Amino acid sequence: MAELPQVTITTDGACKGNPGPGGWAAILHWNGQEKLLTGAERETTNNRMEMTAALRALEAMKKPAEITLQTDSRYLLDGMTKWIHGWKKNGWRNPSRQPVKNADLWMDLERAVKPHRIRWEWVRGHSGHPLNERADQLANEAIASMLQQG
């Protein structure tokens, strides 16, 4: 089997109010190349923006890869590495038998990870990690840009 390309993805989400206007950003690195992805929504939550950043980055991948996905969101990391299996088994219900929040994005993420080998890596937010700081700045710029446009 051919070796998969190595890609590092650093993601972040931001929200002005929770819920409120939100933005997301993903920085993809491979073979000395870099791609920036950003977006914003008028009414959302921080968790949805964290998830959207990872989802949009994975959807941008044109072929299977070995990915290190860096996030400062324990919600995203734990959701994808621990909780999702139980939620699926229980019909997208949590242990309290309530519908899983953000199930639409969890299902989309589950589909988006399938072609890849992913190592989820937690990084402490706002602690000087250069790519996390940059992703945070880009996510906040996406919010500001959306709000400026009216």
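**Exercise 1.** Work out which element gives the largest share of the lining of the second largest pocket.

*Solution.* Start with the model: it's predicted, so local features need pLDDT of at least 70 and side-chain atom pairs 80 or more, while totals for chains, interfaces and linings use all residues. Numbering runs from 1 along each chain as its sequence is written, and side-chain values use heavy atoms, without hydrogens or water.

Next, list the lining (residues with an atom within 4 Å of a pocket point; a pocket is an open set of 1 Å grid points fitting a 1.4 Å probe, with protein on both sides within 12 Å along at least five of seven lines). You get M80, I84, H85, K88, E110, V113, H116, I118 and W120. Now sort by element (DSSP runs: helices H or I of at least four residues, strands E of at least two). Two or more residues come from each of α2, α3 and β5 (117–122). The winner is α2, with 4 residues.

**Exercise 2.** How do helices α2 and α3 pack?

*Solution.* First place them: α2 spans residues 74–89 and α3 spans residues 103–113. Their axes sit 11 Å apart, at an angle of about 95°. That makes α2 roughly perpendicular to α3 (65 to 115 degrees).

Then see who touches whom, with heavy atoms within 4.5 Å. From α2 come Y75, L76, G79, M80, I84, W87 and K88, meeting W106, L109, E110 and V113 of α3. Finally, look back at Exercise 1: M80, I84, K88, E110 and V113 belong to this contact, and they're also among the residues lining the second largest pocket.

**Exercise 3.** Which residues line the largest pocket?

*Solution.* Go along the chain: begin with P5, V7, L28, W30 and K35. Then add the run A60, M61, K62, K63, P64 and A65.

How values were computed. Axes fitted to C-alpha atoms, helices over the stretch in contact; angles between N-to-C directions. Parallel < 35°, antiparallel > 145°, perpendicular 65-115°, else oblique.
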